[in-house]
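User: Could you take a close look at the aromatic residues in this model and walk me through how they are arranged and what surrounds them?

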Amino acid sequence: QVQLVESGGGLVQAGGSLRLSCAASGSTFRLAGAGWYVGWYRQAPGKQRELVAGVSSDGRPNYVDAVKGRFTISRDNAKNTVYLQMNSLKPEDTAVYYCNVKAFRIDAWGQGTQVTVSS
């Protein structure tokens, strides 16, 4: 069983920054292990949930084109936490952001954190 808790969302003006955190707990998942993928997704009102950024256990990050150069995904194995640093935020980044962990027999989602970017 894996529990994910996102935090760090909020209201920010365009051009500002936020750092989202995804803390994983439970006995079956460790970032220090292998064979996992953590993704940050977002869902804006009336739109489908989309993958924004992700990182695999071998350390390779991936980003959707819309956030390349502005968002950075990182992790802290000791805290079992994955971060999403979001810079140069735009109003179109407004959405609920979710983290997801995929590993052997694991497909877990957090509750989401709201990010609102005002123009």
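Analyst: Happy to: here is a walk through the aromatic pairs, the charges over rings, the core and the cavity.

Please keep in mind that this is a predicted model. A pair of aromatic rings is described by the distance of the centres and the angle of the planes. The structure holds 3 aromatic pairs. One of them joins Phe29 and Trp36, whose ring centres are 6.1 Å apart with 80 degrees between the planes, an edge-to-face arrangement. Both Phe29 and Trp36 are buried.

Another pair is made by Tyr98 and Trp109. Their planes meet at 80 degrees and their centres lie 6.5 Å apart, so this pair is edge-to-face; the cut-off for that label is an angle over 60 degrees. Tyr98 belongs to strand S9 (residues 95-103) and Trp109 to strand S10 (residues 106-109), so the pair ties together parts that are 11 residues apart in sequence. How buried or exposed are the two partners? Tyr98 has a relative accessible area of 14%, so Tyr98 is buried, because buried means under 20%. Trp109, at 35% relative accessibility, counts as partly exposed. Together with Tyr41, Tyr98 and Trp109 form one aromatic cluster.

Tyr98 has a charged neighbour as well: Arg49 lies over the face of its ring, at 3.8 Å from the ring centre. A similar placement is found at Tyr83, where Arg19 lies over the face at 4.1 Å from the ring centre.

Now to the core. The largest nonpolar core has 31 residues, and Phe29, Trp40, Leu84, Met86 and Tyr97 are those with the most contacts inside it. Strands S3 (18-25), S4 (37-43), S5 (50-56), S7 (71-76), S8 (81-86), S9, S10 and S11 (113-118) each give two or more residues to this core. Tyr97 deserves a closer look: leaving aside residues up to four places away in sequence, Tyr97 touches residues including Trp40, Tyr41, Phe71, Leu84 and Met86. Its contacts also take in Glu6 and Arg42, among others.

Finally, Phe29 brings us to the cavity. A search of the whole structure finds 1 cavity of 30 Å³ or more, and the largest cavity holds about 40 Å³ of space. Phe29 is part of the lining, along with Cys22, Ala24, Leu31, Val38, Asn80, Thr81, Val82 and Val101. S3 and S8 each supply at least two residues of that lining. Phe29 thus appears in three places: in the edge-to-face pair with Trp36, among the residues with the most contacts inside the largest nonpolar core, and in the lining of the largest cavity.

Technical notes:
Residues are numbered from 1 along each chain as its sequence is written. This is a predicted model: local features need pLDDT of at least 70, side-chain atom pairs count only at pLDDT 80 or more; totals for chains, interfaces and linings use all residues. Side-chain values use heavy atoms; hydrogens and water are left out. Rings of Phe, Tyr and Trp (its six-membered ring) pair if their centres lie within 6.5 Å; planes under 30 degrees apart count as stacked, over 60 as edge-to-face and the rest as tilted. Buried means under 20% relative accessible area, exposed over 50%, partly exposed in between (1.4 Å probe, protein chains only). Helices (H or I, at least four residues) and strands (E, at least two) are DSSP runs, numbered from the N terminus. A charge sits over a ring if NZ of Lys or CZ of Arg is within 6 Å of the ring centre and within 35 degrees of the ring normal. A nonpolar core is a set of buried Ala, Val, Leu, Ile, Met, Phe, Trp, Tyr and Cys residues joined through side-chain atoms within 4.5 Å. Contact means heavy atoms within 4.5 Å. On a 1 Å grid over the protein atoms alone, a cavity is a set of points where a 1.4 Å probe fits but cannot get out, and a pocket is an open set with protein on both sides within 12 Å along at least five of seven lines; lining residues have an atom within 4 Å of a point. Grid points are joined across faces, edges and corners, and a volume is the space filled by probe spheres set on the points.
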